[in-house]
Amino acid sequence: MILGKSEIALIGAAVAIALASLVVPNWLVFTATLAISTALVVMGVVMLMRAGLVSFGQGLFYCLGGYAVGLGGRYLGITDALLLIVLGVAVTVGVAMILGLLVTRYREIFFAMLSLAFSMILYGLLVKSHGLGSTDGFGVVDWTILGFSPGSGESSSRTALLLALGLALGIALFLNRYFRSSLGLACEAIRENEVRVEYMGVSRKQVLYINYVIAAAVGSIGGSMTALAAGHVDPTMAYWTISGEFVFIAILGGTGHVAAPFIAALIFTLVRTYAIELAPNAWQMILGIVLLLIILFLPKGIWSLFTRKKGVAS
């Protein structure tokens, strides 16, 4: 398989981050892990946006992935991180395959609100589940990876980052090919004109259904990694504000490249971290101002800076 320039750049960036994790402070390692995990969920939002759909309920799959990790360790005795992530993906794909039969029939605000409704239903169920900690959630068991125990502290944080990097790189390489495949291009065609796609002999329902399920699986992995890194899960993972953040980051980065969600998620996480520290009572306003500036000066997202420079250079 011949790697393209984008794929080589993605691999180079992952290697650079892995090497940097050996020297940067532990808090930055943890922040980067959360940013990468968030970016995976945002990638699912971007996949739907490329098909003309905006989901305000991606927190549903984010939460399912996180709770699958927590419940798998707590009740099934699974401690291997990879097995826990696979469990989360399996549960999430099963749910998405059922919900997708309904939600992919709708468009625009109807799709957005329906996806949000299912996410809030899960939130309500978890809040009422006192055996799962209700609003407080519960802790994730100490995990291993292929028999290796990362321990605690800096070692655990760096292992979680390397695991998140490996998963993110694999998914980014896959989606980079997916976006250029016939299925990925069909999603963009559906966004522009569904009727013409049908006339070409392509089933828009089938394309959107497959895209929806893949987006759910990717979001689940992001939730699983967040649970492993933070060591805790709670119902707010399915709350509407979390899903709103994912849409916020998707708009911030743009849909032009698979790297855009990762760049945007890192910027968002850092801005929010410093905003909360400097202005704990006004950090939402700071994030709102950042989004407003992005919309005004970079309507196609941060990634448009790279395409703009490329166009000027050529």
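**Pockets, patch and cavity**

Colleague: Why does Val54 count as partly exposed?
Modeller: Val54 sits in the loop between α2 (26–49) and α3, with helices being DSSP runs (H or I, at least four residues) numbered from the N terminus. Partly exposed lies between buried (under 20% relative accessible area) and exposed (over 50%), with a 1.4 Å probe and protein chains only. Val54 counts as partly exposed because its relative accessibility is 31%.

Colleague: Good start! What kind of model is this, and from which number are residues counted?
Modeller: This is a predicted model, where local features need pLDDT of at least 70, side-chain atom pairs count only at pLDDT 80 or more, and totals for chains, interfaces and linings use all residues. Side-chain values use heavy atoms, leaving out hydrogens and water, and residues along each chain are numbered from 1.

Colleague: Which element gives the most to the nonpolar patch?
Modeller: Val54 joins Phe56, Leu102, Tyr106, Ile109, Phe110 and Met113 in a nonpolar surface patch of about 620 Å². Such a patch takes nonpolar side chains within 5 Å of each other, from residues with over 30% relative accessible area and no salt bridge (a Lys or Arg side-chain nitrogen within 4 Å of an Asp or Glu carboxyl oxygen). With three residues, the top contributor is α5.

Colleague: Now the hollows: what is the volume of the largest pocket?
Modeller: On a 1 Å grid over the protein atoms alone, a pocket is an open set of points with protein on both sides within 12 Å along at least five of seven lines, a cavity is a set where a 1.4 Å probe fits but cannot get out, and lining residues have an atom within 4 Å of a point. Here 26 residues line the largest pocket, and Ala13, Ile17, Ile36, Leu165 and Phe262 lie nearest its centre. Its volume is about 560 Å³.

Colleague: Which element gives the most to that lining?
Modeller: By class, the lining of the largest pocket has 22 nonpolar, four polar and no charged residues. With seven residues, the main contributor is α1.

Colleague: Where does the largest share of the second largest pocket's lining come from?
Modeller: That pocket has a volume of about 410 Å³, and its lining divides into ten nonpolar, seven polar and three charged residues. Leu34, Thr38, Tyr62, Thr226 and Arg272 lie nearest its centre. The largest share, five residues, is from α11.

Colleague: And how much space lies in the largest cavity?
Modeller: The whole structure has one cavity of 30 Å³ or more. Among the residues lining the largest cavity are Ser55, Phe61, Phe118 and Tyr212. The space in it is about 30 Å³.

Definitions and conventions:
Grid points are joined across faces, edges and corners, and a volume is the space filled by probe spheres set on the points. Patches are made of residues with over 30% relative accessible area and no salt bridge: like charges are joined within 9 Å, nonpolar side chains (Val, Leu, Ile, Met, Phe, Trp, Tyr) within 5 Å. Accessible areas come from the Shrake-Rupley method with a 1.4 Å probe; for residues, only the protein chains shown count as cover. Helices (H or I, at least four residues) and strands (E, at least two) are DSSP runs, numbered from the N terminus. Ala, Val, Leu, Ile, Met, Phe, Trp, Tyr, Cys and Pro count as nonpolar, Asp, Glu, Lys and Arg as charged, and the others, Gly among them, as polar.
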